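User: Please take a close look at the second largest pocket and describe its lining. I would also like to see the nonpolar cores set beside it.

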Amino acid sequence: MKKTLLLLSAPVIMLFAKCGSGTGDGNDENDSVQVVDLGTIADMDLSKYGYPLIVNVPAPSPNTPEATVDVLDWGGIEIRVGTNFQIQISGGEGDVAQKKSDIQNEDINESTFLIDEADAIFYRSKVKGTEIAPEYHFFVVKKDGNKYFEIEDIKGEVYEESAAKRMFDIARAIKIKPTA
């Protein structure tokens, strides 16, 4: 039974996402590893778009279309895979505290931070004083030397919590491409 369970669970793709406030070198007592199941994914190298990043996007299948990348006039990019995976990546200041402050000070929406970390937030946003269903959003920062990359869901779309959380987990798992 154990061998069968092991064999059945082997194809599950798991990714180790760095969490905590440590240095990431494994020698810090604050370093920890969290296992996050991202589903079936495929690597996408964003170098040709000017971003030294490797993103795991949902892999194409009979029910999942190929990922598309749109380059925006102002330099950002949007990656879409169907309607449940839509992220935007851009250069920026990487200021999570400022983004959080902007969200908290919105006049129309009230937001609750479900995950609040130094380099990432995942939040629920709801129109104040209404019974309209909440929306889920995220903002993640990746740093490469003195460059910051901001990753967030494409605004204007409405995502279920599970879809937004999956995009958030994938955004947190983005890797900086090593220089050759």
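Analyst: Two strands, β9 (120-127) and β10 (135-144), each supply at least two residues of the lining of the second largest pocket; strands (E, at least two residues) and helices (H or I, at least four) are DSSP runs numbered from the N terminus. This is a predicted model, in which local features need pLDDT of at least 70 and side-chain atom pairs pLDDT 80 or more, while totals for chains, interfaces and linings use all residues. Residues are numbered from 1 along each chain as its sequence is written, and side-chain values use heavy atoms, with hydrogens and water left out.

The largest share of the lining, 4 residues, comes from β9. A pocket is an open set of points on a 1 Å grid over the protein atoms alone, where a 1.4 Å probe fits, with protein on both sides within 12 Å along at least five of seven lines; lining residues have an atom within 4 Å of a point. Of the 13 lining residues, Glu-106, Asn-109, Ser-125, Glu-135 and His-137 lie nearest the centre. The pocket has a volume of about 200 Å³, the space filled by probe spheres set on the points.

β9 and β10 also each give two or more residues to the largest nonpolar core, a set of buried residues (under 20% relative accessible area, 1.4 Å probe, protein chains only) joined through side-chain atoms within 4.5 Å. Phe-138 and Ile-87 are among the residues that touch the most other members of this core of 31. α3 (161-172) gives the most, with 6 residues. A second, separate core of 7 residues includes Phe-113, Ile-121, Phe-139 and Val-141.

How values were computed. Buried means under 20% relative accessible area, exposed over 50%, partly exposed in between (1.4 Å probe, protein chains only).
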